[in-house]
Amino acid sequence: MGHDMPTASSEPRAERGPVVIAGGSGALGTALADDLTARGVEVVVLTRRPAAGLRHRQVAWDGRTLGPWVAELDGCAGVVNLAGRLVDARPTAANIADLRASRVDSTRALVLASQQLARPVPRWLQASTTAIWSDAGEARLDETSPLPDPGLPQMTGVARPWEEAVEGANADHVVVVRTSIVLARDTPALDRLLLLARLGLGGQVGEGRQWFSWIHVQDWLTIARAALGLEPELDLGPGVVVAAAPNPVRNAELMAILRRASRRRFGLPTPAPLLRLGALALRTDPALALTGRHTTSRVLAEAGMTWRFPTLTDAVDDLVGPRPAPPGH
């Protein structure tokens, strides 16, 4: 753990099959594929739209039905299921149904494919979200916390059937990773927040007391490798793991940290009615900013996770500062 930069492994990997990543062309999937490749792990990306610029071998699938792509699972070292439409959409019934179908259908297709195999998939990382707990107020949540019913339609109404769809997978070891907001360079979550701060709109959103649980992408990658059995110092058993840093912050503190990083002394607050109007114009969901939850991981603490970025200040300073030099420079 605590790797500063992925380096190609000196150990031969010939005995290992590839890691198959469904949804591997998105920001998180690309980060994981790059990280694994740099460590000498072969990667295969299942994607609906193969892209010419992607650095990894791509195999087309439609995310719903079985096809030639099923052969990629035979002898693979692990499956990572990140497939699903981006959450940033208006909470209409049609959008929520599409969010749910894009996740549930792809998961069911992978499960059905695994059931065609003579041998189980050794490791399976199933993506989920801490938004499964809805708007949790002051509750302190971890892997043992009960789930609300019904909760917010987006994403709570999506996450439960998403997780349930992995049941029946022909896999030796399934880890369901409930991920909080992932902070990484050039991703919508961080870029939009920083833009508000830089435009002088970096005050609190709504009441400012809603909890913001988050994780730096490098710590998420450590958890993903552990789920795949590739992080010897972090042993994760099967089951649910919360991917969230140990120090959630309230929205007001989040915006203060972003103002400091953007060198803005003040920021106008965004009242909830104004945010709802803005969300309508941007075709997004205001609940993404007005609701929140305090989530941390009991499983990671007991497993001995060492956090590279335990505080939001650490994470933002790393991501907003100068870009690191590419390997070899």
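R55 counts as exposed, at 61% relative accessibility. In this predicted model, the side chain of R55 meets that of D34 in a salt bridge, with an N to O distance of 2.4 Å. The structure holds 10 salt bridges. The points below cover some of these pairs, then helix α5, the nonpolar cores, a pair of packed helices, and a few single residues.

**Salt bridges**

- Side chains of opposite charge can pair when their charged atoms come close.
- D34 belongs to helix α1 (residues 27-38), whereas R55 is in the loop between β2 (43-47) and β3 (57-60). The pair links distant parts of the chain, the two residues being 21 residues apart.
- The relative accessible area of D34 is 24%, so D34 is partly exposed. Its partner R55 is exposed.
- The side chain of D35 meets that of R225 in a salt bridge, at 3.0 Å from N to O. Because D35 lies in helix α1 and R225 in helix α5, this pair ties together parts that are 190 residues apart in sequence.
- D35 and R225 are both buried. For R225 the relative accessible area is 2%.
- R225 also meets the side chain of E231 in a salt bridge, with 2.8 Å from N to O. E231 is buried because its relative accessible area is 3%, and buried means under 20%.
- Salt bridges with shared partners join D35, R39, R225 and E231 into one network.

**Helix α5**

- Why is α5 described as largely enclosed by the rest of the structure? The reason is that 10 of its 11 residues are buried.
- Among the buried residues of α5 are the nonpolar V217, W220, L221 and I223. The buried residues also include the charged D219 and R225.
- Just after α5 comes G229, which takes a positive phi of about 75 degrees.

**Nonpolar cores**

- In soluble globular proteins, nonpolar side chains tend to be buried together.
- The largest nonpolar core has 55 residues. Which residues have the most contacts inside it? They are W220, I223, L258 and L312.
- Helix α5 (residues 217-227) supplies the largest share of this core, 7 residues.
- With neighbours within four places in sequence left aside, I223 is in contact with V177, I215, L236, V241, A243, L300, M305 and W307.
- There is a second, separate core of 24 residues, and L46, V59, A113 and V176 are among its members.

**Packing of α4 and α6**

- Two packed helices are described by the angle between their axes and the distance between the axes.
- Helix α4 packs with helix α6 (residues 251-261) at an angle of about 70 degrees, and the axes are 9 Å apart. This makes α4 roughly perpendicular to α6, because angles of 65 to 115 degrees count as roughly perpendicular.
- On the α4 side, the contact is made by L190, L193, L194 and A197. On the α6 side, L254, M255, L258 and R259 take part.
- The residues of this contact divide into 7 nonpolar, no polar and 1 charged. The charged residue is R259.
- L258 appears in this helix contact and is also one of the residues with the most contacts inside the largest nonpolar core.

**A buried residue in α6**

- N251 lies in helix α6. Is N251 buried or exposed? N251 is buried, with a relative accessible area of 5%.
- Apart from neighbours within four places in sequence, N251 is in contact with Q204, V205, G208 and Q210.

**Positive phi outside glycine**

- S134 is not a glycine, yet S134 has a positive phi of about 65 degrees. S134 sits in the loop between β5 (124-129) and β6 (140-141).
- D186 is another residue other than glycine with a positive phi, here near 60 degrees. D186 is placed in the loop between β8 (181-183) and α4 (188-198).
- What is the relative accessibility of S134, and what is that of D186? For S134 it is 8%, so S134 counts as buried. For D186 it is 53%, so D186 counts as exposed.

Key
Residues are numbered from 1 along each chain as its sequence is written. This is a predicted model: local features need pLDDT of at least 70, side-chain atom pairs count only at pLDDT 80 or more; totals for chains, interfaces and linings use all residues. Side-chain values use heavy atoms; hydrogens and water are left out. Helices (H or I, at least four residues) and strands (E, at least two) are DSSP runs, numbered from the N terminus. Buried means under 20% relative accessible area, exposed over 50%, partly exposed in between (1.4 Å probe, protein chains only). A nonpolar core is a set of buried Ala, Val, Leu, Ile, Met, Phe, Trp, Tyr and Cys residues joined through side-chain atoms within 4.5 Å. Contact means heavy atoms within 4.5 Å. Axes are lines fitted to C-alpha atoms, for helices over the stretch in contact, and angles run from 0 to 180 degrees between N-to-C directions. Angles under 35 degrees count as roughly parallel, over 145 as roughly antiparallel, 65 to 115 as roughly perpendicular and the rest as oblique. A salt bridge is a side-chain nitrogen of Lys or Arg within 4 Å of a carboxyl oxygen of Asp or Glu.
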